Amino acid sequence: MPLLDDVFVALSRIGVQGAIFFIIAASSALYWRRPAIFLYTLLGGLVADLLSFLLRLAVGRDRPPLRFPDPEPLVRVPGNPSFPSGHASAAFACAAILAWLTPLPKVALFTLAALIAFSRVYVGVHYPIDVIGGALLGLAVATALRRLVEGRRRSAQVPQ
């Protein structure tokens, strides 16, 4: 269906390395005058993307078009392996960090992340398990960052 093809190709493009979430984070940081929103979102997205890339190299799973020629993918097939999805990793890490740091609607943030993740399956360059693994990795990165930041805040408040 051409209309859905265009929608999911667009979602796949705006989700490259968390790009749409960096725009949301930058806008939020400016609006609420809290630069940490952008910095933490950028850090979380980049760490999630880097970890997913390293895991893809370690796992080495072929992408769907390399194993199944039909249907033809709707976007260029990346030259690296498939598991886990970098789009899903970055999207879920960024969505979780923005949900933590801003009053933006959590459902909207995670819906956008889920749509970006699903777009990678729809356009034919990932298996469903790739995006599930990527989403879990992104959530783990966001959780680790949050615990690290909150732990540092608590330790800074404890009188010595």
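Helix 3 and helix 5 run roughly antiparallel to each other in this predicted model. Their axes come within 8 Å and cross at roughly 155°, and an angle over 145° counts as roughly antiparallel, which is why the pair earns that description. The crossing is right-handed. On the helix 3 side, the residues that meet helix 5 include Tyr 40, Gly 44, Gly 45, Ala 48, Asp 49 and Arg 56. Among their partners in helix 5 are Gly 86, Ser 89, Ala 90, Ala 93, Cys 94 and Leu 101. A general point helps in reading such a list: an α-helix has 3.6 residues a turn, so residues three or four places apart point the same way.

Helix 3 covers residues 35-59. This helix has 25 residues and reaches 36 Å from its first C-alpha to its last, close to the 36 Å expected at 1.5 Å a residue. Buried residues in helix 3 include Ile 37, Thr 41, Gly 44, Gly 45, Ala 48 and Ser 52. Just after the helix comes Gly 60, with a positive phi of about 70°.

Asp 49, also in helix 3, is a good residue to look up in the structure. Its relative accessibility is 15%, so Asp 49 counts as buried, the cut-off being under 20%. Once neighbours within four places in sequence are left aside, Asp 49 is in contact with Gln 17 and Gly 86. By comparison, Ala 29 is 20 residues from Asp 49 along the chain, and the C-alpha atoms of these two are separated by 22 Å.

Helix 5 spans residues 86-101. With 16 residues at 1.5 Å each, this helix should span 22 Å, and the 22 Å between its end C-alpha atoms agrees with that. As for its surroundings, 16 of the 16 residues of helix 5 are buried, so the rest of the structure largely encloses it.

The start of helix 5 repays a close look. There, a side-chain oxygen of Ser 85 reaches to within 3.4 Å of the backbone nitrogen of His 87. His 87 itself belongs to helix 5 and is buried, with a relative accessible area of 11%. The side chain of His 87 also reaches the backbone oxygen of Ser 12, at 2.9 Å. Apart from neighbours within four places in sequence, His 87 is in contact with Ser 12, Gly 15, Val 16, Ile 116 and Arg 120.

The loops hold some backbone details as well. Two cis peptide bonds can be found in the model: one joins Asp 70 and Pro 71, with omega about -5°, and another runs from Phe 83 to Pro 84, with omega near -5°. Pro 71 is placed in the loop between helix 4 (64-67) and helix 5, and Pro 84 is found in the loop between helix 4 and helix 5 too.

Positive phi values turn up in residues other than glycine. Gln 17, a contact of Asp 49, has a positive phi of about 50° although it is not a glycine. Gln 17 lies in the loop between helix 1 (2-14) and helix 2 (19-32), and at 46% relative accessibility it counts as partly exposed. Arg 33 has a phi near 55°, again positive in a residue other than glycine. Arg 33 sits in the loop between helix 2 and helix 3 and is exposed, with a relative accessible area of 75%.

Key: Residues are numbered from 1 along each chain as its sequence is written. This is a predicted model: local features need pLDDT of at least 70, side-chain atom pairs count only at pLDDT 80 or more; totals for chains, interfaces and linings use all residues. Side-chain values use heavy atoms; hydrogens and water are left out. Helices (H or I, at least four residues) and strands (E, at least two) are DSSP runs, numbered from the N terminus. The expected span of a helix is 1.5 Å times one less than its number of residues. Buried means under 20% relative accessible area, exposed over 50%, partly exposed in between (1.4 Å probe, protein chains only). A polar contact is a pair of N or O atoms within 3.5 Å; within protein, one must be able to donate a hydrogen and the other to accept it, and residues adjacent in sequence count only if both atoms are side-chain atoms. Axes are lines fitted to C-alpha atoms, for helices over the stretch in contact, and angles run from 0 to 180 degrees between N-to-C directions. Angles under 35 degrees count as roughly parallel, over 145 as roughly antiparallel, 65 to 115 as roughly perpendicular and the rest as oblique. A crossing is left-handed if the near helix is turned anticlockwise from the far one by less than a right angle, and right-handed if clockwise. Contact means heavy atoms within 4.5 Å.
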